Each structure stands twice: as structure tokens, then as C-alpha cells.
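Okay, thanks for making time, everyone. Let me put the sequence and the model up, and then I'll walk you through a few spots.

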Amino acid sequence: MIRFFFRFVGYTFLIVSFIALLLDGVAYLASGEIKFMSAGQTWTDLAPATINQAQFAIQEHLGLIWLWDPVILWILLQPTFAVIGAFALFLIVIGLRPRRKRREFAA
């Protein structure tokens with residue numbers, strides 16, 4: 001059941017990633033220059049206060065000061081469709097993991 005949930009959410013994020021790619025394509029058609037919207041910009045446009053809350057939570061509450069600056073900022077500078085698509089593929093792969101075979105003992 002949990003594998004189905006991971007696959008469902010993964011395919012949903014894959015659709016969202018494709019929509020983000022289409023929006024970047026529409027922006028290219030309108031302006032004539034290729035410019036992908038970064039994940040950080042998309043996050044700021046959708047919920048501006050939560051990005052500061054996430055930074056505070058990671059650095060102060062979790063104590064992972066080293067994680068925000070090199071790792072998460074690099075992820076936030078990548079195109080939105082790539083970040084969401086990579087997360088979607090990760091969830092799909094987790095959901096496709098085969099079941100373990102149960103050992104049955106012959107009586």
C-alpha cells in the first residue's frame with residue numbers, strides 16, 4: 001500500500017514538473033530567450049514566508065548550518081522542472097522496489 005502511495009505522489013510530481021517545463025516554454029515563446037525559472041524563485045512566488053521559515057528550521061532547530069548554504073541553495077538555484085522531476089523519479093523508484101519474497105517452509 002505504501003509503495004502505491006509513493007508511486008502515486010511520484011507520478012503527480014512528474015506531471016507538475018512537466019507543467020513547469022511547459023510554463024518555461026511559454027515564457028520562451030513570449031520573450032524569445034531561454035530562461036528557466038529557478039526552484040527558489042518558484043518557492044518565493046508561491047509562499048514567500050515559508051522559505052525563511054525553512055532556513056530557520058534547518059539551521060537553528062536541526063542544527064544543520066552546513067546544509068543550507070552549499071547544498072540547499074544549490075538545489076534552489078536549479079530549474080524548477082529539474083528539481084521536482086528528480087524528486088518525482090526518486091519517489092517512483094522507491095515505489096517500484098520489488099517485494100521481498102517470504103520463505104515458506106515445507107512441512
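So, Phe5: it counts as partly exposed, because its relative accessibility comes out at 46%. Keep in mind that this is a predicted model. Phe6, right beside Phe5 in the numbering, is also called partly exposed, because its value is 26%, and anything from 20% up to 50% gets that label. What does a search of the whole structure find in the way of aromatic pairs? It turns up 4 of them. Phe5 and Phe6 make one such pair, with 6.3 Å centre to centre and 50° between the planes, and that geometry is classed as tilted.

Let's move on to the pocket. The largest pocket holds about 170 Å³ of space. Which residues line it? Going up in number, you have Val16, Ala20, Leu23, Asp24, Met37, Thr42, Asp45, Leu46, Thr80 and Ile84. Three elements each give two or more residues to that lining: helix H1, which runs 2–31, helix H2, at 39–46, and helix H5, at 80–95. H1 provides the largest share, with 4 residues. If you sort the lining by class, you get 6 nonpolar, 2 polar and 2 charged residues.

Now let's take a couple of those lining residues one by one. Thr42 sits in helix H2. Is Thr42 buried or exposed? It's buried, because its relative accessibility is 18% and the cut-off for buried is under 20%. Setting aside neighbours within four places in sequence, Thr42 touches Met37 and Thr80, and both of those are also on the pocket lining list.

Staying with H2 for a second: Ala39, Gly40 and Thr42 are the buried residues there. Looking down the axis of H2, those buried residues fall within an arc of 160°, so they line one face of the helix. As a reminder, an α-helix has 3.6 residues a turn, so residues three or four places apart point the same way. And what do the buried residues of H2 pack against? That would be helix H3 (48–61), helix H4 (65–76) and H5.

Over to H5, then, and Ile84, which is found in that helix. Leaving out neighbours within four places, Ile84 is in contact with Phe13, Val16 and Ser17. Take Val16: it's 68 residues away from Ile84 along the chain, but the C-alpha atoms are separated by 7.5 Å. Ile15 is 69 residues from Ile84 in sequence, and there the C-alpha to C-alpha distance is 9.4 Å. Ile15 lies in helix H1, and it's an exposed one, because its relative accessibility is 53% and exposed means over 50%.

Last stop: Phe81, also in helix H5. Phe81 counts as partly exposed, because its relative accessibility is 22%. Which residues does Phe81 contact, leaving aside neighbours within four places in sequence? The set is Ser17, Ala20, Leu21, Asp24 and Phe36. Ala20 and Asp24 should ring a bell, since they're in the pocket lining too, and Ser17 came up a moment ago as a contact of Ile84. For a contrast in the other direction, Phe81 and Arg97 are 16 residues apart along the chain, and their C-alpha atoms are separated by 24 Å.

That's my tour, so let's have your questions.

Note on methods
Residues numbered from 1 in each chain as written. Predicted model: local features only at pLDDT ≥ 70, side-chain atom pairs only at ≥ 80, totals over all residues. Heavy atoms only, no water. 1 Å grid on protein atoms, 1.4 Å probe; cavity = no way out; pocket = protein on both sides within 12 Å on 5 of 7 lines; lining within 4 Å. Points joined across faces, edges and corners; volume = space filled by probe spheres on them. Nonpolar A, V, L, I, M, F, W, Y, C, P; charged D, E, K, R; others polar. Buried < 20%, exposed > 50% of the residue type's maximum accessible area, 1.4 Å probe, protein only. Phe/Tyr/Trp six-rings, centres within 6.5 Å; stacked < 30°, edge-to-face > 60°. Arc of directions from axis to C-beta. Contact = heavy atoms within 4.5 Å.
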